[in-house]
Structures are given as structure tokens and as C-alpha cells.
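Please look through the sequence and the structure below, and then follow the text from a single residue out to the whole chain.

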Amino acid sequence: MDSLADLSFLENASASYTDLELSGEAASPIDFDRSPRGRAMRVDAAVYNPVSQEAREVSNIIYELHPDGRPPDRAYWVGRKLKKCIFGVVKECTILRFRNDAKCPWEVTEGKAAAKIMSWQKIRELRHIEDPLKEVDAMQHISRQGVHDNVMGVYDVLQDEEYLLMFMPYCSSGDLFSFVQQAGRFPEPMARYWFKQILEVSILG
């Protein structure tokens, strides 16, 4: 490998297709363990709002149904559509807290989430370079020590007969990929700003 001194003249390094071809075969992607997926339960239920101190019946609440019968850690009240994705749709969710009250089992929290709801039929039938199952495995690998502020992780991965559901932190200003699409090409100071945040996380640590 060339020393840093030999490469010091490069102000904006680039590589041609031939350069990449001569560097050898591409490395295989990292293998991730199969991610655990909880059983999704979808219900209509009464939800208490601690601000207004009122309760009302709402629809489309999703939570994990534990096989041992213990109460769920949290639930997601699925709301408006944020955008379409290849295998389904992304929707905004309000995170709910379990209240242990049969008449009004859920309470609104200030937490938000984004739910990526993917159709099993599309996953099985649609041939695409993106593999949603590997995406789920990779994101759960990244989140194994908790969701980091600077790297998108997952809170829960649930499934039922129709859908694979991935619940992620809600980013009100969008994600970095969308920002790159809008900006086109980053000047170096902006690229350094974003990469500094990403490199604060040790993904393999």
C-alpha cells in the first residue's frame, strides 16, 4: 500500500472503472445472524391522553404478542403515510405505553416511530437488488446494543401472515440518504460533518 506521503498530492481522489476492475473481485457482504421477529398483533383499543386527560377508541394499534402471556413493552399507533418504498410503505407512528387497565389499556407518549410495512407477497415475488430480509438483519445487528443517535436502527421487528414490520426512530427532517439525493454532491466540509457522526459509532464493536 502506498504511504500517505505518496498520496499527499491527491486533492480529490477518484478511480476509473478500469482501476476498480484491476483491484480484484468484490468482497462478499458481511453475514448477519437471522434477526428475531416478534409476532405482530393488530387491534382497535381505547387510548388515554395524559395531556387532555381523555380516552378515546382508536384503530390500527400494533404490538408484539409475547408467547408467555406477559404484557407488551410498548405499542405503535400507526398513522399517516410518510412515503412509499419498494416492498410497501413507511408510516408515522405514535408510541404507546401499556397501562394494565382492561378498559383503557394504552397511554399516549411523546415518542414517535417510523414503521416500514413490507408485504410478504412482494418480498416473495418481486426480484430486486435490495433484499429486505438482509436489511432487517443488518439493522438489528447495528441496534443490538440499543439505538444510536446518529445511525438508524430498529426498536422492534414484527411479522404476521401478510406483513413484515420494522419500527425505527422517527426522523422529522428525513434521513441522510434523502439529504444526499437532494444535495447531489457534497463539498468536503459537509461530507466530513456527516461522516464524523457516523464514525462515532463502532458498528463491529
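Serine 119 is buried, because its relative accessible area is 14% and buried means under 20%, with exposed being over 50% and partly exposed in between (1.4 Å probe, protein chains only). This serine 119 belongs to strand β5, which covers residues 106-119; helices (H or I, at least four residues) and strands (E, at least two) are DSSP runs numbered from the N terminus. Apart from neighbours within four places in sequence, serine 119 is in contact with Phe87, Glu162 and Tyr163, where contact means heavy atoms within 4.5 Å.

The model is a predicted one, in which local features need pLDDT of at least 70 and side-chain atom pairs count only at pLDDT 80 or more, while totals for chains, interfaces and linings use all residues. Residues are numbered from 1 along each chain as its sequence is written, and side-chain values use heavy atoms, with hydrogens and water left out.

Strand β5 also takes part in the surroundings of helix α3, since the buried residues of α3 pack against β5, α2 (120-125), β6 (156-159) and β7 (163-169). In α3, which spans residues 132-142, these buried residues are Pro132, Val136, Asp137, Ala138, Met139 and Gln140. At the N-terminal end of α3, aspartate 131 acts as a cap, with a side-chain oxygen 3.0 Å from the backbone nitrogen of leucine 133.

Turning to the whole protein chain, one finds five helices and seven strands, which follow the pattern α-β-β-β-β-β-α-α-β-β-α-α along the sequence. The protein chain has 205 residues, of which 30% count as buried.

Notes:
A polar contact is a pair of N or O atoms within 3.5 Å; within protein, one must be able to donate a hydrogen and the other to accept it, and residues adjacent in sequence count only if both atoms are side-chain atoms.
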